[in-house]
Amino acid sequence: MKSACRPLALLLIISLPISAEELPANGLTAPPPKDNQAAETAPLKDVSSMATDQPPLQVELPPVDASVLNPPPQQAATSVAPQTLQVKPGINELMPIAVGHLNRLVTPFDNPVVTTTSQATTSTKGKIVYVATTDETPVTLYITPGDNQDIALSLTLIPKRIPAREIHLSLDQETYKRLTQWQQRTKDSSDKPANQEQDYITTLKQLFRDLGLQKTPAGFSLRDPSQTEQIHCHQDRVRIRTGQLLEGPELLIFVGVAHNTGVIPIEFDERACASTQDEVLAVAAWPKVVLGPDESTELYVAVRRKDEAAITVRPSLLNGRMP
């Protein structure tokens, strides 16, 4: 009997620490408590430790567009290419230009001439016409090739707040053909250009200057005039006497004296000598033009040498002895 009660007593001793409150009423093992129940049954110091062990509150931010985080690189300024515009005489063309900037019009003319009543500033350099305006008032102008008014380009320029413009003006085939023919005729007629004429006038002035300085110009020979080689001037109270003749390859220069035979001062009129002969090229009086009573001045008259005068006679060897 005692040996049979000994295991039962040992079992009671091992299970003694278990509290009777911890056992369910039915004697079965209690299920594990839920979180809120554990918090309610746990001591105060255990609740504080549980709150401390919880992870920090995470705040979810709204998504941000990638274009805001990584803005695109700034694009380089766009260049403005020249514009080509075909124009035709008699038709007004409208085109935008930049206000406050210098605009460049490339014309098909060698020497363009601009006609306008606008306040805009225009200038030409070669084939180029430069236009600048300070306000947005339209600029109307005509561009012609030199003094030829048959070919005129009519343009109305509309100033805008845009970059400076370069506009190439081209002609239709028919107008371009007319322009080419006209420019060719102009070029042919200018084989004796105005600058050559100016050089010719400069040469005459230099010849007269040498005569005034009592020099014989280079290329000229001095001799006495014949009875038929005289200066003729039609002016009242002026007497002309021819004293010298200078011969050149293409010119003859008469040197004479103009004398006032009146009793009052007179102004010598050089045109009175030029009107008597068609070949007279220049007339000059030196050193005076206004002559008092009984005063004289030298007179220089340049005439074109006639073809027969430029030819000298060569004596035949048959009519004379050999040298």
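Visitor: How many bridges join strand 2 to strand 8, and do they run parallel or antiparallel?

Guide: Six bridges join strand 2 to strand 8 (residues 153-160), and the two run parallel. One bridge partner to look at is Leu157 in strand 8, which belongs to Met95. This is a predicted model, where local features need pLDDT of at least 70, side-chain atom pairs count only at pLDDT 80 or more, and totals for chains, interfaces and linings use all residues. Residues are numbered from 1 along each chain as its sequence is written, and side-chain values use heavy atoms, with hydrogens and water left out.

Visitor: What counts as a strand, and when do two of them pair?

Guide: Strands (E, at least two residues) and helices (H or I, at least four) are DSSP runs, numbered from the N terminus. Two strands pair if DSSP finds at least two bridges between them. In general, strands of a sheet pair through backbone hydrogen bonds, either parallel or antiparallel.

Visitor: Which sheet has strands 2 and 8 in its order?

Guide: An open sheet of four strands, in the order 2-8-7-4, with mixed pairing. Strand 2 and strand 4 (112-116) are at the edges with a single partner strand each, so one side of each has no neighbour in the sheet. On average, neighbouring strands of this sheet are turned by 35° against each other, direction ignored. The axes behind that angle are lines fitted to C-alpha atoms, for helices over the stretch in contact, and angles run from 0 to 180 degrees between N-to-C directions.

Visitor: What is the order of the five-stranded sheet?

Guide: That open sheet has the order 1-9-3-6-5, again with mixed pairing. Strand 1 (83-87) and strand 5 (121-125) are its edges, each with a single partner strand, so one side of each is left without a neighbour in the sheet. From one strand to the next, the twist averages 25°.

Visitor: Where does the mixed pairing show up?

Guide: Take strand 3 (residues 102-106): five bridges join it to strand 6, antiparallel, and three bridges join strand 3 to strand 9 (residues 166-171), parallel. Val106 has a bridge partner in each, Ile128 in strand 6 and His168 in strand 9. Strand 6 (residues 128-132) is also joined to strand 5 by five bridges, antiparallel. There, Ser123 has Tyr130 as its bridge partner.

Visitor: New topic. How many aromatic pairs does a search of the whole structure find?

Guide: One. The centres of the Phe208 and Tyr300 rings are 5.9 Å apart and the planes are at 40°, so the pair is tilted. Rings of Phe, Tyr and Trp (its six-membered ring) pair if their centres lie within 6.5 Å; planes under 30 degrees apart count as stacked, over 60 as edge-to-face and the rest as tilted.

Visitor: Where do Phe208 and Tyr300 sit?

Guide: Phe208 is in helix 6 (residues 194-212) and Tyr300 in strand 16 (residues 296-304), 92 residues apart, so the pair links distant parts of the chain. Both Phe208 and Tyr300 are buried. Buried means under 20% relative accessible area, exposed over 50%, and partly exposed in between (1.4 Å probe, protein chains only).

Visitor: Is His259 buried or exposed?

Guide: His259, in strand 12 (residues 251-260), counts as buried at 12% relative accessibility. The His259 side chain makes a polar contact with the side chain of Asp294 (2.8 Å). A polar contact is a pair of N or O atoms within 3.5 Å; within protein, one must be able to donate a hydrogen and the other to accept it, and residues adjacent in sequence count only if both atoms are side-chain atoms.

Visitor: What about Asp294 itself, buried or exposed?

Guide: Asp294 counts as exposed, at 58% relative accessibility. Asp294 is in the loop between strand 15 and strand 16, and its phi is near 65°, a positive value in a residue other than glycine.

Visitor: Which other residue has a positive phi, near 60°?

Guide: Gln214. It lies in the loop between helix 6 and strand 10 (221-223) and counts as exposed at 76% relative accessibility. Most residues other than glycine have a negative phi, and most peptide bonds are trans.

Visitor: Where is there a cis peptide bond?

Guide: Between Trp286 and Pro287, with omega about 5°. Pro287 is in the loop between strand 14 (280-286) and strand 15 (290-291).
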